[in-house]
Amino acid sequence: MLPVLVLLGGLLWLLRQPTTAYIRLSAANSRSGGRRLPVVLALGTFIFLTRYPLLFDASSEFLRTPFQDYVFYARLTTPLTLRGVETNSLEVLYPQFLAPYPYHYLEIWWNALLVQLTGLPSVWCMFLCAFSVMITIVGVGFAAIFAHFGLPSRWLLVLAVLFLTVTGVVWPFLQHISLVQNGALLSSLLLPLQPKLAPVYWFMLLGTALLLSRQYVAAAVALAIVAVVFVAAAPVVGAGVVVVALYLWRTQQLRLKESMAMVAPVVLAGACIVLFYGLQPAAYTLPGTGEHALLQAVMPRLAEARTLINIGLGVLLNFGVYFLGYGLVVVAVLLASQRVVAIGKQYQVVLVWFAASLLAAAVMRTLAHHFLDGFQFFSNPMVPLTAIVLAVFLGAGLQNARRRTYVLSVVALLGLLLVNSYKLLTDSHDGHVTTRYSPKFLRQMKQVMPTLGSRGGYILADAEYSSAYTLSSDSYTAGNYVSNFKNDYALLSLSALDADSLTTDPRFVRDSTQAEQITRQSTLYRFAKFQSLRHRSTSLDSAKYELVREAGLSFICASRRAQLPIILRPLVIKTYVDSYSGEKLYVLRGRQFPQPTDPYQPRSW
């Protein structure tokens, strides 16, 4: 977080300089902040009320458990607060494998602070409180963009809220086409429901506001922060800033010195990223694992040139399909304003920035096509940036427009929102799924969980591993209900994948290399590997038994279809079964081996 603070300090210093201290606001929108506070509070309340029903259960005094990704994000506060490590690994038995890893930590830091202050369950705190605040800030940012163009106050909040949903349109009649279907994931994740990208929106909106005010160096500093808080967006952000700086220099809007000053913050951010992660590798890695092995596995080869070209063109085509509807709305408003050419010239720098970023994002997505999360190199920067650029040109087109144009614009945006929500309303998207446990089971967990240690295990059935994504022993687990009653806990996988080969199993053959890398990151694999290095090789079930004793597990969570290994059954003293989900909790005997109260407590407890 130190580079973020440094860049923010530099940005504040720039904004206090006499030559850069002016941000254009119309007279109608230059009121004191106090008068805007009720509007901001109303926006925050609205955002909270759109999220709360997702977890509300009218038949229970407990909230539902959010989608497993959010449970994972909430659990990442554990290594952050207890070990001070920015990592997306939840390894606790072998902390020598922990190392800083590029990810998105701003919302995790924010949630960790709230949890420390309130003591609330981390997952509910993140989903309802932390994310609601973050989305509200995004809404304020969109309102500021529209305020820049002097739009009437009564329309600012309406347009700002609607632009929180501008993530592309999932056209139902095109979803049978595999190329188009692949882009549906991010477009169906409306920001009020899936706020992971909120930090990207923050600083892109700030950078855009500064760019519109021709505070180019300050804009570059704001965009450099994006690269630090959301590392996957760094290549696209860097390319966009460099091209804009070059454009402003070639068009004589900036001197060479000023253009170089624009590029400097991005270079600084890139250097910080390289140094931070390069100088803090894991203390130990097993053969065939680690970041170097992963990079070798996912880097494209020259023989794939034709495939790479097809992927790049397909990415751009897919992007066009999903954002065509919003593009047509903005074009219609610009045509109605009869100032298309003038607006295009006035905000040409925004178009240059967008074009450079889009091309860079397509290139990054193409080069990373072997990487499981390679799509994020494109979607993470381009979904927010596209919405922001559309807001800029819609705001420009609505300047001095008739009331009818505002009404038609809002109706069109609402129409696209309804189309995009079709899948959400008719067939709930995986990313919006919550888990409902029976009130009786949760009451039992409320009493039992505080009495158990901080380490547990989980078991999934072989059939529940449907893709390489699900192989992650940290993010895809049973027992998500534990997060409702414990904040700092660890769940170790006791599942063993029953597949002859990752290269032949149809579930993983496409991503077999990364599937192998993921399986080698589980504690069970590492434990068995260390046992082998010590010449203590045992059967798989015996390894599970020894891991339970070595790690001091006090409970095991099992999915509905999972079976507890026979060798572990003598350790069970109590079993709880949820009547809704079918999940089971096995409480283990604590007298036979010590059980830590801190997940990172060393084995000498």
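Which residue in S5 does Val 572 stand opposite? In this predicted model, the residue facing Val 572 is Leu 588 of S5, and the pairing of these two strands is a convenient place to begin a description of the sheet before turning to the helices.

**The sheet and its hairpin**

S4 and strand S5, the latter spanning residues 584-588, pair in the antiparallel sense over 5 bridges. Besides the pair already named, Tyr 576 stands opposite Leu 585 in S5. The two strands S4 and S5 form a hairpin with 6 residues between them, and within that turn Gly 582 has a positive phi of about 80 degrees.

The hairpin belongs to an open sheet of 5 strands, whose order is S2-S1-S3-S5-S4 and whose pairing is mixed. Strand S2 (490-493) and strand S4 (572-577) stand at the edges, and because each has a single partner strand, one side of each is left without a neighbour in the sheet. From one strand to the next, the twist averages 25 degrees. Strands of a sheet pair through backbone hydrogen bonds, in either the parallel or the antiparallel sense.

**Helix packing**

Three helix pairs are described here, and their geometry is set out in the table.

| Helix pair | Crossing angle | Axis distance | Handedness |
|---|---|---|---|
| H6 (residues 122-148) and H7 (residues 153-163) | roughly 125 degrees | within 8 Å | right-handed |
| H12 (residues 234-250) and H17 (residues 348-367) | about 140 degrees | 8 Å | right-handed |
| H11 (residues 216-229) and H12 | roughly 165 degrees | within 8 Å | left-handed |

The axes of H6 and H7 cross at roughly 125 degrees, which makes H6 oblique to H7. On the H6 side the contact is made by Gly 139, Phe 142, Ala 143, Phe 146 and Ala 147, and on the H7 side by Leu 156, Leu 159, Ala 160 and Phe 163. Divided by class, this contact of H6 with H7 has 8 nonpolar residues, 1 polar residue and no charged residues.

Helix H12 takes part in two of the tabulated pairs, one with H17 and one with H11. Where H12 packs against H17, the H12 residues Pro 235, Val 236, Ala 239, Gly 240, Val 243, Val 244, Tyr 247 and Leu 248 meet a set of H17 residues that includes Gln 348, Val 349, Trp 353, Ser 357 and Met 364. The residues of the contact of H12 with H17 divide into 14 nonpolar, 3 polar and no charged.

For H11 and H12, the axes cross at roughly 165 degrees, and the two helices are therefore roughly antiparallel to each other. Tyr 216, Ala 220, Leu 223, Val 226 and Ala 227 of H11 make this contact with Ala 234, Val 237, Val 241 and Leu 248 of H12. By class, the contact of H11 with H12 has 9 nonpolar residues, with no polar and no charged residues. Leu 248 of H12 is thus listed both in the contact with H17 and in the contact with H11.

**Salt bridges**

Side chains of opposite charge can pair when their charged atoms come close. The structure holds 7 salt bridges, one of which joins Glu 91 to Arg 526, with the closest N and O atoms 2.8 Å apart. This pair links distant parts of the chain, since Glu 91 and Arg 526 lie 435 residues apart: Glu 91 is in the loop between helix H4 (77-83) and helix H5 (106-118), whereas Arg 526 is in helix H23 (residues 523-533).

Definitions and conventions: Residues numbered from 1 in each chain as written. Predicted model: local features only at pLDDT ≥ 70, side-chain atom pairs only at ≥ 80, totals over all residues. Heavy atoms only, no water. Axes fitted to C-alpha atoms, helices over the stretch in contact; angles between N-to-C directions. Helix = DSSP H or I, 4+ residues; strand = E, 2+ residues; numbered from the N terminus. Parallel < 35°, antiparallel > 145°, perpendicular 65-115°, else oblique. Left-handed = near helix turned anticlockwise from the far one by under 90°. Contact = heavy atoms within 4.5 Å. Nonpolar A, V, L, I, M, F, W, Y, C, P; charged D, E, K, R; others polar. Pairing = 2+ DSSP bridges. Salt bridge = Lys/Arg side-chain N within 4 Å of Asp/Glu carboxyl O.
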